[in-house]
Amino acid sequence: MKKLSVLFLATVLAFFLVSPVSALMFTGTPSPSLSPTFGTLVTFDDYSTGSAVGSTDYLSVGVASITETEGFLLSYYAGTQSSPNYIGTGVNSERGTDASLGWDGTILFEFTGLADIVGIGIADSDGGPEYITAYDSSMSVIESYMAPVGKNTYIGIDTGAFNIKYFSITGDFFAVDDLQFNASSSVPEPSSLVFLITGVLGLMGASRKKLFKK
């Protein structure tokens, strides 16, 4: 009876720790009146205007990498949201399949830990719609949303669990500013949790066998 109770509790614990949760989109106010504010804020004001964005420029604050996945060069430009900079691909970065305004692309952020909430400011969204997407550690999509249409907007995803490893924004004629994320490097990834629970159950089973042998 005790063995069944322990197994039931472990199963319930595993379900709550690794089962998917419903992600929610939220909107806010972009800089200079940034709202909401939470976790770590990256303003992209640490580097010279006109310089290229390095993949690991913000490694020290928890951003493992920043990449542009469509082959465009990502740089720091004079920003209109929170001066002096935002980041984008520039006027010559055009897919050729949408509004011919440049500034196209997909910006992918990878976090060193796992985040439960991520937000981003979108500047000058005059081309096509922008989409934000949260991914887990295996690059599986958690949730994706279309950003509200507007000159300057702020949008984010809140999953309610520390499961966001990657976060991307893709669109036509846009730049981004004021990345915010709430991450914890101390939260095990789901696969680690399953392994941990299995190990605990194994140890408990071994202990019970020793007890009955005495």
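**Entry 1: rings**

I began with the aromatic side chains. Phe44, Tyr47, Tyr58, Tyr76 and Phe109 are joined into a cluster by ring pairs. I was looking at a predicted model, so I kept that in mind throughout. I then looked up the number of aromatic pairs, and the count is eight. One of them is Tyr86 with Trp103, an edge-to-face pair. Their ring centres are 6.1 Å apart, and the planes meet at 75°. This pair links distant parts of the chain. Tyr86 sits in strand β5, while Trp103 is in the loop between β5 and β6, 17 residues apart. I checked burial too: both Tyr86 and Trp103 are buried.

**Entry 2: confidence**

Next I asked how far to trust the model. The mean pLDDT of the protein is 82. Of its residues, 74% reach 70 or more. Where is confidence lowest, and where is it highest? The lowest is helix α1, residues 2-18, with a mean of 42. The highest is strand β3, residues 63-68, at 98. Across residues 2-20 the pLDDT is below 50. Beyond near neighbours in sequence, that stretch has 14 contacts in the model. I noted a second stretch, residues 191-197, where pLDDT stays under 50. There the model has seven contacts beyond four places in sequence. Where pLDDT is low, the predicted coordinates should not be read in detail. I moved on to single residues.

**Entry 3: Asn85**

I picked Asn85, which lies in strand β5, residues 85-88. Is Asn85 buried or exposed? Asn85 counts as buried, because its relative accessibility is 1%, and buried means under 20%. I then searched for polar partners. The side chains of Asn85 and Thr49 make a polar contact of 2.6 Å. A polar atom of the Asn85 side chain also lies 3.2 Å from the backbone oxygen of Phe44. Phe44 is familiar from the ring cluster. Setting aside neighbours within four places in sequence, Asn85 is in contact with residues including Tyr47, Tyr76 and Asp177. Tyr47 and Tyr76 are in that cluster as well.

**Entry 4: Thr106**

I went on to strand β6, residues 105-125, which holds Thr106. Thr106 counts as buried, because its relative accessibility is 12%. Which side chain does Thr106 join in a polar contact? The partner is the side chain of Glu70, at 2.7 Å. Glu70 is also among the residues that Thr106 touches beyond four places in sequence. Others listed there include Thr67, Glu68, Ser168 and Ile169.

**Entry 5: Ile132**

I found Ile132 in strand β7, residues 131-135. Its relative accessibility is 0%, so Ile132 counts as buried. I compared positions along the chain. Ile132 and Ala147 are 15 residues apart, and their C-alpha atoms are separated by 7.0 Å. Leaving out neighbours within four places in sequence, the contacts of Ile132 include Ile120, Tyr145, Ile157 and Phe167. Ser168 and Ile169 are among its contacts, and Thr106 touches them too.

**Entry 6: Ala161**

My last stop was a loop. Ala161 lies between β9 (150-158) and β10 (164-171). Why does Ala161 count as partly exposed? The reason is its relative accessibility of 24%, since buried means under 20% and exposed over 50%. I also looked up a distance to Ile117. Ala161 and Ile117 are 44 residues apart along the chain. Their C-alpha atoms are separated by 8.2 Å.

Conventions
Residues are numbered from 1 along each chain as its sequence is written. This is a predicted model: local features need pLDDT of at least 70, side-chain atom pairs count only at pLDDT 80 or more; totals for chains, interfaces and linings use all residues. Side-chain values use heavy atoms; hydrogens and water are left out. pLDDT is the predictor's confidence in each residue, from 0 to 100. Helices (H or I, at least four residues) and strands (E, at least two) are DSSP runs, numbered from the N terminus. Contact means heavy atoms within 4.5 Å. Buried means under 20% relative accessible area, exposed over 50%, partly exposed in between (1.4 Å probe, protein chains only). A polar contact is a pair of N or O atoms within 3.5 Å; within protein, one must be able to donate a hydrogen and the other to accept it, and residues adjacent in sequence count only if both atoms are side-chain atoms. Rings of Phe, Tyr and Trp (its six-membered ring) pair if their centres lie within 6.5 Å; planes under 30 degrees apart count as stacked, over 60 as edge-to-face and the rest as tilted.
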